[in-house]
Amino acid sequence: MRRNAVLLPALIIGVYLVFSTGPIIWLMLSSIKDRQDLFAWPPTVFFRPVWTGYEAVFGVGSAQNTATAVGLYDSLVNSVVISGFGTMFAVVLGTLGGYATSRFRFPGHGDFMFFVLSTRMIPPVAVLVFYHMLYSRLHLTDTWLGLILVTTFINLGLATWIMKGFFDGVPTEVENIALVNGYSRLFAFRRLVLPIVSGGIAATAGFCFIVAWNEFAFSSILATTRAKTLPVKISSAMGATGIEWTQIFAAGVVLVVPVVIFFYLIRRYLLMGMTFGVLAKGPG
Amino acid sequence: MRSLTQVPIRMLRVSAAAAGLIGMLASPALAETLTFVWHAGTCADTFYNIAKDYPDKNVQMVPDLVPYGPMWHDKIAAEFAIKGAGFDIAMWDSQSLAEFAGGGHAYSMNDVFKESKVLKPELFEKFSLAAYGEYPDNSGKYWGLPVNQDAYGFMYRKDLFDDPKEKEAFKAKYGRELKVPQTYQDAKQVAEFFTRPDKGLYGWGQMGGREYDFATTASNAFLWSFGGELWNPATNEVKGYLNSPASIDGVQAYVDMFKYGPPGGQNWGWDEVNSAFQQGKLAMAMQWYYFDGSNSDPKVNQFADRTKFGVLPGAIGRDGKFRRQTMVGGQGMGLNVYSKKIPTVIKFMEWYFQPEQQKRYAKVCQTGLKSVLDSPDWQSLNSYNKSFARALSYVNDYWHLPEYPELLDILQEEISAASSGKKTVKQALDSAAERHEALLQKAGYKITRTANIPEVPDQIVNPVGKDKVQEESYD
Amino acid sequence: MSIPQDETARVKRAPKQARTLPDSWLCGLFLAPSGLILALMVFYPFFSLIYYSTLQFSMMRPRIEPVDVGLGNYVDLLNDNEIWQRFAFTGKFVLATVLIQFTIGLAVAYAFQRNFKGRDFLFTLALLPMMLCPIVVGFLWRYMFNSEWGVVNWLVSLVGIAKIDWLGRSENALWAVAVADAWTWTPFVILLATAAFRGIPKDIKESAEIDGASPMFTFFRVTLPMSLPILMIALLLRLIDAFKQYDLFLAMTGGGPASETQTAAFALGKIAFGYFHTGEASALAVILLIVIMGLSMIFVRYLTRLSNRV
């Protein structure tokens, strides 16, 4: 009985890891193949690596003096600032909103949550032109503030819903103990409830950062030169002289590094605090 | 745990202030910048590098590059739609000229010619200026300048055609000499001869992809060469032209050629054609002249030393006449009418379109400046300029209408359906003609019917038929 | 997780706070910033959408006066067979990808329940696909699914099957793109499901085991039902995102062959940006929104009923 209990999970995880990391390894391998190896049949695993893809991404070596290399460093800074602040605002506002909706069952709270969720339902293409117009009138186009606003906005729905879910899993006794003893709600919130949902905050921050960092549709239209983010910048290398596969793959590898770093930084909160839902309403 | 939860609230206040500050600071006062939008590539790089040498150091040219493909059109369109000044100069695909100029988003080039002492229409090759800047057709109104010329061309493996063993085998099988084909009818035979799947070699490579303009670029070359037409610009008719017997012949010939290419060719764009050719899978291929540069580079194409470029074949139509027609490509450069820096841009253009700068540009891309194109140096600059110059006499183009994107999309869909076997060629073209006319009518165009449309409509729309095959040299 | 010990001790000591904000004020304060951003970013585009959907107008041709057609755009769209095909295809795609995501996601979350050595590292590794840029994912899978040189066909050939045309035939392309989408977002499901499973009190699981239940039984009869609220949120979010999927189709099929792999969102992009029929595009957007909202409302109602039960 016990052997099966170990074998099945191990098998599942093993197969899944092959499925999930296999393509990523393939991505990394393909990012250093030259055109012959890229299209060889059967696919090559051993070959002489070529670094033109990465050179194009960083605008060095063979890709010096290209127009694509211009502003690469700036777009990296843009991405860090915009994704960083956007994620932070989304998480903070989502946490506050999620708590409010969870604890204060104000009239229309269900509608509010649905409204918040509906912001996620709009395909960006439908509203891109309207945002472009709005931003143009408010002089927000191509500014950090404008892009941070959009980044916060697209993550707000997700953050609020997930955080509400986590707060719902914290029994009200937690704050009640404090309130009964004369502490303010705010104190209870900050000192007692937040630590419990820290795992949820970390998870939310992780999801939001991924979305913010990789955001493309809005950034490509709402930013032109000064506030251009990294994915948009790197993507412009697509289809230069043919689909530059190595460039795209190299860009993919480079773009994922900050996200991995981010997750590494929050790993403690993520893994430790990952509980939710039906919490200790017992043991008694 | 403490740090994580206290950080958010404190940082909220700090960052609100910071963001506000940053937002204000994000508009630094710089030297005047001009922004141009284009798709990334060697042409954009060259343009940018030349612009760096602009003598007026107060003006800086900044690139806003987009991926090639629908995004390129969308980005420019989005800016025009909101009447924005996000860029000052737009390099658009030649096909989009009608859409952008027709919508009134491009600054009148005629005004530029009037105001500027330097920029005049005579500086440019007449055909180029018309193709990349004139709208409507033959109106004398210009909205852009040629910034990169291109045409759909032909490339082939010289070693295969020169090989004595191949020549012998071909003569034995078909009873004539193995030569680079002058007509699509010839090409079919040669392609069949070179199609040896077990050896990994195929006779013919062409685009068939649904996206953008891939399939129709190739199919139009066939369609026009067989004497077909997309429509009659004088009467706005499509039925009887797009689905004329000649058009059907042409597109049928196109669809048949997929037999002589690798499987999956029906989804190919120019990238796949390049890859297949560079791997030695193709004996002949249809490809934009734009790529001849990289296909001559041994680092990119391992068969570069055995690759030659030329003009696409023509065809003998059902009326016995020979026609050779291919698709024009390339980009035009227009000024954003909503830009606030038009005088600065004009000054820049006056400098940029000087022969000195254009000669530099011509080393990498195709200029439209007459003086450079006429010079002997340009002809001998590389292995394909000569045939490119020849190809320019055979080019034809899509509809020059603002409704172009939808017309294109419909034709792309129908041709794609025909290549994949979902419809017969006749069904596809009939359907396309039907839909085109519905679209034109909805857009307010009056369609006047011509009685007795010939089977080969080219005869009444800009006829180019010749009685004898006009041979191009391929050596 | 229970309240940390030192906090509890401190609470018992209870010094008096100077003044406290009434709950209603706090509620308002917490909600205000979100409300503001949402108001700004939602109302203007949404009302623009509705306004333009009643017009026959193109922003690319500003010189041509807009024509008021009332509900004309809606009528034309709903009468267009093509649009129904797009929605049908979208529905098929959504089902396919969500099915794959949840089957794999729940299975993996099940496997991650117990503590074992290296679990944390493997868990983080499993999250990797989600972190990639979606357009890169699209191109990666396009490359892997290529019928001539893709590694998927190579694996297939190892089992003796001939090369499959994945992206050129809509029946195959549906699954190819669904696999790519599921590959990216299964980690999302795993993350939330693991959180839910681990949140179930240990004693409930243990008592089931003592009663002789196998791990499988416990999983299906105890763990899953108790995690339903969270799983339903995950499902809802994934469904909404699947309806919007655009980047993958753009990179992998371009909507082809013909228009067979055009989802509703893809068709919307085409009409909005390719043809720039602003009026028609807005109407289609409203229709799409109504569909997604309608389905979500049904879901949310079911969700609230569930959470009230649990």
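Trainee: How many salt bridges does a search of the whole structure find?
Mentor: The search finds 37 over all chains. Keep in mind that this is a predicted model.

Trainee: Can you show me one? Which residue does B:Lys188 meet in a salt bridge?
Mentor: B:Lys188 meets B:Asp256. The N to O distance is 3.7 Å.

Trainee: And where do B:Lys188 and B:Asp256 lie?
Mentor: B:Lys188 is in helix α9 of chain B, residues 184-194. B:Asp256 is in helix α11 of chain B, residues 245-256. They are 68 residues apart, so the pair links distant parts of the chain.

Trainee: Is B:Asp256 buried or exposed?
Mentor: B:Asp256 counts as buried because its relative accessibility is 18%, and the cut-off for buried is under 20%. B:Lys188 has 33%, so it counts as partly exposed.

Trainee: Got another one in chain B? What does B:Asp305 pair with?
Mentor: B:Asp305 pairs with B:Arg306. Their side chains meet at 3.4 Å, N to O. B:Asp305 counts as exposed, at 65% relative accessibility. B:Arg306 is partly exposed, with 30%.

Trainee: Now chain C. Where do C:Glu82 and C:Arg86 lie?
Mentor: Both lie in helix α4 of chain C, residues 81-111. They are four residues apart, about one turn of the helix. Their side chains form a salt bridge, 2.6 Å from N to O.

Trainee: Is C:Arg86 buried or exposed?
Mentor: C:Arg86 counts as buried, at 7% relative accessibility. Its partner C:Glu82 is partly exposed, with a relative accessible area of 29%.

Trainee: Which residues do salt bridges that share partners join into one network?
Mentor: From chain B, the network takes in B:Arg210, B:Asp409, B:Glu413, B:Glu414, B:Lys423 and B:Arg435. C:Lys270 belongs to that network too.

Trainee: What does C:Lys270 form a salt bridge with?
Mentor: C:Lys270 forms one with B:Asp409. The closest N and O atoms are 3.1 Å apart.

Trainee: How many salt bridges are found across the interface of chain B and chain C?
Mentor: Five. There are also seven residue pairs in polar contact between chain B and chain C, both residues at pLDDT 80 or more.

Trainee: Which element gives the most to the side of chain B that touches chain C?
Mentor: The elements giving two or more residues are α3 (70-81), α4 (97-102), α12 (270-278) and α19 (404-419) of chain B. Of these, α3(B) gives the most, with seven residues. By class, that side of chain B has nine nonpolar, nine polar and 13 charged residues.

Trainee: How many residues are in contact there?
Mentor: 31 residues of chain B are in contact with 28 residues of chain C. The two chains bury about 2,500 Å² between them. Carbon and sulfur atoms carry 51% of that.

Trainee: Switching to chain A. How many residues does the contact take from chain A and chain C?
Mentor: The contact takes 97 residues from chain A and 107 residues from chain C. Chain A and chain C bury about 10,000 Å² between them. Here 82% is on carbon and sulfur atoms.

Trainee: What is the count of salt bridges between chain A and chain C?
Mentor: One. C:Asp241 and A:Arg120 make it, at 2.9 Å from N to O. The interface of chain A and chain C also has eight residue pairs in polar contact, both at pLDDT 80 or more.

Trainee: Which helix of chain A gives the most to that side?
Mentor: Helix α1 of chain A, residues 2-30, with 15 residues. By class, the side of chain A that touches chain C has 78 nonpolar, 14 polar and five charged residues.

Trainee: Back to chain B as a whole. How many helices and strands does chain B have?
Mentor: Chain B has 20 helices and eleven strands. Its radius of gyration is 25 Å, close to the 23 Å that the globule rule gives for 475 residues, so chain B is as compact as a globular protein of that length.

Trainee: How many of those 475 residues count as buried?
Mentor: 63% of them.

Trainee: Last one. Where is A:Phe166?
Mentor: A:Phe166 is in helix α7 of chain A, residues 144-168. A:Phe166 counts as buried, at 4% relative accessibility. Its C-alpha atom is separated by 8.8 Å from that of A:Ile201, 35 residues apart along the chain.

Terms used:
Residues numbered from 1 in each chain as written. Chains lettered and ligands numbered in written order. Predicted model: local features only at pLDDT ≥ 70, side-chain atom pairs only at ≥ 80, totals over all residues. Heavy atoms only, no water. Contact = heavy atoms within 4.5 Å. Buried area = accessible area lost by both parts, 1.4 Å probe. Salt bridge = Lys/Arg side-chain N within 4 Å of Asp/Glu carboxyl O. Polar contact = N/O pair within 3.5 Å; in protein donor to acceptor, adjacent residues only side chain to side chain. Nonpolar A, V, L, I, M, F, W, Y, C, P; charged D, E, K, R; others polar. Buried < 20%, exposed > 50% of the residue type's maximum accessible area, 1.4 Å probe, protein only. Rg over C-alpha atoms; globule rule 2.2 N^0.38 Å.
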